[in-house]
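Please open the model in a viewer and follow the stops below in order. Each stop names a selection and then describes what is found there.

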Amino acid sequence: MRSRWIRLPLLVLAAWAVASVALGWWVLPGLLLNPPLPQRTEAQRASIRQMLQGKDGSFTSVRVPGGQGAPLELWHLRRAAPRGAVIYLHGFGDDVWGTLGRARSLPEWDAVGFTFRGRDRNPSTPCTMGGWERQDVVAAFRYLEAAGFPAERIVIAGWSMGAGVGLLALEDLEREGKRPGGALLECPFQDLHRAARDHIRGTLGHLEPLATLAERVALWASARQAHFDPASVSPLRSAERIGCRIALITGDADPETPVDGVRGIARFHPDLTIIHGAGHCEASNRFEGGWGGWAQSRIKTWGL
């Protein structure tokens, strides 16, 4: 009888381990590497561009190589007399047209946007949450410099995944000796391990600790499939190394990028606005004057 009670927990433990490995190897990597994107027709994209450019603006499109050589379709909204340029970075499962609309809030600035890794044109390209996307941002930055914009007049604006990737890219740019004008970041994720854990918690709730092994296996499997290092995807570590001016905004009711993770980043960049009761990517909309009011106040403080 005693041996039976010993065997039963061992069998349960073995079953959990096997299920975790199977889940982490075959199921979870697809959730990270292949998030669905908005389905937009060419007519819908053209309509968004027409709305954004108004009477005085104009769009141009250029192809540049991004991370791992993946082709990026950069969309450049040109203003009549721009004070500088803003690179807009979208979140997980979104595309350039879900984010570039924010450019209406900064009408005196040129706007540049793209879909990370060119996934709107080639969805089979894996999303790596910054492993390769950070190079996409660097490519956009270099494009703007070649177009005549000084580094100190180029600002990065990002949301969620885009905010985290922005921090990674800023570290890379500063390592090259660049000095960007600043970064406007809403609810950046802390690091890849934390992002996976928070995302799965949103599905499993209090049962999430049971998926710890599956999470680790999934990150390892994702890294092998997409050829990147998960340990290098740490916006928190990048924030510690960045001298660039950074403004942060988030909500204290955000379950996807919890406020404690953003506070960790704010230890190195203390311009943090927390909106009570705001969920994921809702904080700037609740700020007085919306995202534009918050962004313009920071840009004014920076003397840009």
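The tour begins inside the protein, at the second largest cavity, whose volume is about 40 Å³. The model is a predicted one. To display the lining of this second largest cavity, select Pro188, Phe189, Gln190, Arg194, Asp198, Glu256, Thr257, Pro258, Gly261 and Val262. Colour the selection by class: the lining of the second largest cavity holds 4 nonpolar, 3 polar and 3 charged residues. Helix H6 (192-204) and helix H9 (259-266) may then be shown as ribbons, as each of them contributes at least two residues to that lining.

**The largest cavity**

How many cavities of 30 Å³ or more are there? The count is 2. In the largest cavity there is about 70 Å³ of space. Its lining is made up of 13 residues, and those closest to the centre are His90, Phe116, Arg119, Cys127 and Met161; select these five to centre the view on the largest cavity. By class, the lining of the largest cavity comprises 6 nonpolar, 4 polar and 3 charged residues.

**The largest pocket**

Turn next to the largest pocket, which contains about 540 Å³ of space. Select Phe92, Met129, Ser160, His199 and Glu256, the residues closest to its centre among the 28 that line the largest pocket. Two or more lining residues come from each of H1, helix H3 (96-99), H6 and H7. Which element supplies the largest share of this lining? H6 does, with 5 residues. Colouring by class shows 15 nonpolar, 9 polar and 4 charged residues in the lining of the largest pocket. Glu256 deserves a second look here: it is listed among the residues closest to the centre of the largest pocket, and Glu256 also belongs to the lining of the second largest cavity.

**The nonpolar surface patch**

Move to the surface and select Val21, Leu23, Trp25, Trp26, Val27 and Trp220, which form a nonpolar patch. Together these residues have about 640 Å² of accessible area. Helix H1 (residues 2-33) makes the greatest contribution to the patch, with 5 residues. Trp220 lies in helix H7 (residues 212-226).

**A salt bridge between distant parts of the chain**

The whole structure contains 16 salt bridges. For one of them, select Arg40 and Asp94, whose closest N and O atoms are 3.8 Å apart. This pair connects distant parts of the chain, with the two positions 54 residues apart in numbering. Arg40 is in the loop between H1 and helix H2 (42-53), while Asp94 is in the loop between strand E3 (85-89) and H3.

**The whole chain**

Finally, clear the selections and display the full ribbon. The secondary structure of the protein chain consists of 11 helices and 8 strands. Along its principal axes, the C-alpha trace spans about 85 × 40 × 35 Å. How does the radius of gyration stand against that of a compact globule, and what value does the chain have? The protein chain has a radius of gyration of 21 Å, which agrees with the value near 19 Å for a compact globule of 304 residues.

Definitions and conventions: Residues numbered from 1 in each chain as written. Predicted model: local features only at pLDDT ≥ 70, side-chain atom pairs only at ≥ 80, totals over all residues. Heavy atoms only, no water. Patch = residues over 30% accessible without salt bridge, like charges linked within 9 Å, V, L, I, M, F, W, Y side chains within 5 Å. Areas by Shrake-Rupley, 256 points an atom, 1.4 Å probe, with all protein chains shown as cover. Salt bridge = Lys/Arg side-chain N within 4 Å of Asp/Glu carboxyl O. Helix = DSSP H or I, 4+ residues; strand = E, 2+ residues; numbered from the N terminus. 1 Å grid on protein atoms, 1.4 Å probe; cavity = no way out; pocket = protein on both sides within 12 Å on 5 of 7 lines; lining within 4 Å. Points joined across faces, edges and corners; volume = space filled by probe spheres on them. Nonpolar A, V, L, I, M, F, W, Y, C, P; charged D, E, K, R; others polar. Rg over C-alpha atoms; globule rule 2.2 N^0.38 Å.
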